[in-house]
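Hi,

Here is the structure I promised to pass on. Have a look at it first, and my notes on what turned up are underneath.

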Amino acid sequence: MRRNGFERVYSFCSGLTLTAVVATACSSDGGTSPGGGASSLSAMCRAIQREVVSGAAKDGIPAVQFDDSDLVEPGSVWLDFLQPTDRVIGLEVDGDYLAVPLNILWWHEILNLNDHGLAITYCPLTGSSMVFERGAAGGAEFGTSGLLFKNNLVMYDRAPGDEEYSLWPQMLAGGFCGPSEGRRLTMVAAIEIEWEDWLALHPDTRVVGSNTGISRNYTLYPYGAYAVEDNEFTLVDINPDSLDRRRPPKERVLGIPFVDGQGGIAFPFGALREAAIGDLAVVQTVVGDGGEGQGGVDPVVVFWDGGAEAAMAFTPVSTTQDLTFEVRNGGFVDVETGTQWSIDGKGLSGPLAGQQLRTIVEGYVSFWFAFSQFFPDPVLWLP
């Protein structure tokens, strides 16, 4: 495994074998393995183990914990690191809007929003932004295990005083190796968007600032040229023959996995940009092919805003009728009622003002190489 300048963030475990790390998390009966041997691992865990590598010490990248009282208002001194075009994860929490800068998650990867039982996560190595309810882990906070699966963050649940824990690969959105094996995490609707555009949409938003209690330079992206679109370097080597070369490896895509986990559909940011009228594009298509386990064919509409570098997927239905959409007069407008909609699916003006389109919460942004590694040979939308 190559290190190539990543020592600042990923220092490898010393004197700790991968088998011991994984065996601590689980045994064949879902409990702690006293022997720490590979034979004690469940079949699922052994399958995962073949592709898991150690990237850092457990909690070597420190997750952070925030309560509502820790959140700040726009203009706070705790946001002096945040530039207008920096990217944030935006979401609605119990009727309030929240922005979590990727600048924070470059260094921490997991933010536990404890008053709401959420984990807001970002893996810089796979470019994946995902928000979860923590109920499947019994409400426990998540920490960074120090392991990587297909270059992706592997979380662990850290219930106080509990020596047993499970591993949760972020992009699999589920528990593996431990008492929670087989449990699925419920995803929460979120959008990855530039800060100035989120603020324009929701000027009353609250924000996660630099008051994390941990000293980091949140103006510094610690991965150098890693995220350049055509850069094939990954921290953990990938077999070149397994790379899907239909798009640049680090291009951002909005990916929606199929319900059976076998493949999915990806909307590349570059392709959405090509289809735009001005900065905006609307794509209406279907997810799934009606095959066994895929739950049939479901309609989807994707809104794209090139100025905000943001895409979000919705079910094109209001509370009363099916909808079709187009770009009109610099906005997203449904043909049936003439209502104008925001990039995050809120009715802004017209007969359906105030309504919220149902977000396809399973959709999330990641690098193309990562989505196509986790969900091989995905359907690729192109204009």
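**What I found**

Glu326 has a relative accessible area of 32%, so this residue counts as partly exposed. Its salt-bridge partner is Arg328, with N and O 2.7 Å apart. Arg328 also comes out at 32% relative accessibility, which means partly exposed again. Before I go on, please keep in mind that this is a predicted model.

**The chain as a whole**

The protein chain has six helices and 24 strands. Of its 383 residues, 55% are buried. I also looked at contacts between residues at least 6 apart in sequence: 60% of them join residues at least 24 apart. As for the surface, the chain exposes about 15,400 Å², and carbon and sulfur atoms supply 49% of that.

**Charged pairs**

Side chains of opposite charge can pair when their charged atoms come close. In this model the count is twelve salt bridges.

One of them joins Arg158 and Asp59, whose closest N and O atoms are 3.1 Å apart. Arg158 is in the loop between strand S9 (152-157) and strand S10 (167-169), while Asp59 is in the loop between strand S1 (52-54) and strand S2 (64-66), so this bridge ties together parts that are 99 residues apart in sequence. Are these two buried or exposed? Neither, as it happens: Arg158 has 24% relative accessibility and counts as partly exposed, and Asp59 is partly exposed as well, with a relative accessible area of 30%.

Then there is Arg87 with Glu192, where the closest N and O atoms are 2.7 Å apart. Arg87 belongs to strand S3 (residues 87-93) and Glu192 to strand S11 (residues 191-194), so the pair connects parts of the chain 105 residues apart in sequence. Here both Arg87 and Glu192 are buried.

Going back to Glu326 and Arg328, that bridge has its N and O 2.7 Å apart. Elsewhere, salt bridges with shared partners join Asp59, Glu141 and Arg158 into one network.

**Aromatic rings**

How many aromatic pairs does a search of the whole structure find? The search gives 20. Take Tyr226 and Phe367: their ring centres are 6.4 Å apart and the planes make an angle of 50°, so the pair is tilted. This pair links distant parts of the chain, with Tyr226 in the loop between strand S12 (206-207) and strand S13 (252-257) and Phe367 in strand S23 (residues 364-367), 141 residues apart. Tyr226 is buried, with a relative accessible area of 1%, and Phe367 is buried too, at 3% relative accessibility.

Another pair is Phe371 with Phe375, which is tilted because the planes are at 45°, with ring centres 5.0 Å apart. Both Phe371 and Phe375 are buried.

Tyr226 and Phe367 also belong to one aromatic cluster, together with Trp106, Tyr221, Tyr223, Phe233 and Phe369.

**Charges over rings**

Tyr226 turns up once more here: the charged end of Lys250 sits over the ring of Tyr226, 3.6 Å from its centre. Tyr156 has a charge over its ring as well, from Lys58, whose charged end is 4.5 Å from the ring centre.

If you want to start somewhere in the viewer, try Tyr226, which is in the cluster and has Lys250 over its ring.

Cheers

Note on methods
Residues numbered from 1 in each chain as written. Predicted model: local features only at pLDDT ≥ 70, side-chain atom pairs only at ≥ 80, totals over all residues. Heavy atoms only, no water. Helix = DSSP H or I, 4+ residues; strand = E, 2+ residues; numbered from the N terminus. Buried < 20%, exposed > 50% of the residue type's maximum accessible area, 1.4 Å probe, protein only. Contact = heavy atoms within 4.5 Å. Areas by Shrake-Rupley, 256 points an atom, 1.4 Å probe, with all protein chains shown as cover. Salt bridge = Lys/Arg side-chain N within 4 Å of Asp/Glu carboxyl O. Phe/Tyr/Trp six-rings, centres within 6.5 Å; stacked < 30°, edge-to-face > 60°. Lys NZ or Arg CZ within 6 Å of the ring centre and 35° of its normal.
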